[in-house]
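Hello,

Here is the structure I promised to pass on to you. Have a look at it first, and then read my notes below.

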Amino acid sequence: MRVILLGPPGSGKGTQADLIRQNYGFPKISTGDLLRKEVEAGTELGKKVNQEMKAGQLVSDDLVLKLVENRISLADCQSGYVLDGFPRTLNQARLLEKLESKRRETVFEFRVSEQEILRRLSGRMVCLQCGAVYNISNNKPQNDGLCDFCGSKLVVREDDRPEVIRERIRLYLETIAPLVEYYSSKKVLFEINGDDVTENIFKSIKAVLDRQLTQAGEH
Ligand SMILES: [Zn+2]
């Protein structure tokens with residue numbers, strides 16, 4: 001089973017990927033992490049990735065796909081895996097399918113209202129000193145504006161400012177539209193109400209996955 005999570009920033013798909021891993025043993029594969037690790041390890045592939053990133057280009061589909069291919073060939077991916085942040089383009093989606101044409105695919109599209117995303121992300125504050133993350137709505141620091149761990153002043157990241165969040169949402173929707181249409185026409189797309197709380201979202205995901213796995217006889 002290949003599980004693909006499509007969702008805007010603040011949709012909580014990372015949390016759901018963790019829950020899927022806990023319940024089904026499918027590892028979470030984030031292409032961002034793969035890229036970082038490869039560059040850090042200084043492999044041939046990592047050097048190429050680094051060159052492209054330094055040149056200010058988006059890393060090419062071929063390189064990202066090679067990384068994904070290497071990762072999903074590992075033993076822990078045999079019964080399934082969850083992709084977070086990939087594919088991002090129709091081309092990537094098609095290449096991925098070619099790579100593993102027999103694997104069943106389930107795609108979840110997290111629909112989250114702009115209002116909810118703003119609520120979740122704009123309350124976020126980070127400590128630049130030690131990296132701790134806080135949230136006004138559910139994870140406040142003990143002293144207003146100060147880090148619990150090191151006492152440094154907390155800041156709102158540039159990325160978490162409302163006008164930047166709105167632009168990130170707009171870009172996301174524009175990018176994702178062709179993918180949604182593609183997976184929807186293949187009848188492997190399931191819409192998820194991302195405004196809901198974590199437990200309920202996972203319940204919906206679990207219901208779909210259980211059904212798919214039973215049909216596939218993989219369970
Ligand atoms: Zn701190």
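One thing to notice right away is the end of helix 8: Gly217 comes just after this helix and has a positive phi, near 70 degrees. Please keep in mind that this is a predicted model.

Let's stay with helix 8 for a moment. It runs over residues 198-216, 19 residues in total. From its first C-alpha to its last it reaches 27 Å, close to the 27 Å expected at 1.5 Å a residue.

Which residues of helix 8 are buried? They are Ile201, Phe202, Ile205 and Leu209. These four cover an arc of only 85 degrees around the axis, so they sit on the same side of helix 8. The general idea is handy to remember: an α-helix has 3.6 residues a turn, so residues three or four places apart point the same way.

What covers those buried residues includes helix 1 (13-24), strand 4 (105-111) and strand 8 (189-193). Now turn to the face of helix 8 that points away from its buried side: there you will find the exposed residues Glu199, Asn200, Lys203, Ala207, Arg211, Thr214 and Gln215.

The other spot to visit is where helix 2 (residues 31-41) packs with helix 4 (residues 61-72). Their axes are 10 Å apart, at an angle of about 95 degrees, and the two helices are therefore roughly perpendicular to each other. On the helix 2 side, Thr31, Leu34, Leu35 and Glu38 meet Val64, Leu67, Val68 and Arg71 of helix 4. By class, this contact has five nonpolar, one polar and two charged residues.

Enjoy exploring!

Best wishes

Note on methods. Residues numbered from 1 in each chain as written. Predicted model: local features only at pLDDT ≥ 70, side-chain atom pairs only at ≥ 80, totals over all residues. Expected span 1.5 Å × (residues − 1). Buried ≥ 20, exposed ≤ 12 C-beta atoms within 10 Å, placed from the backbone. Arc of directions from axis to C-beta. Contact = placed C-beta atoms within 7 Å. Axes fitted to C-alpha atoms, helices over the stretch in contact; angles between N-to-C directions. Parallel < 35°, antiparallel > 145°, perpendicular 65-115°, else oblique. Nonpolar A, V, L, I, M, F, W, Y, C, P; charged D, E, K, R; others polar.
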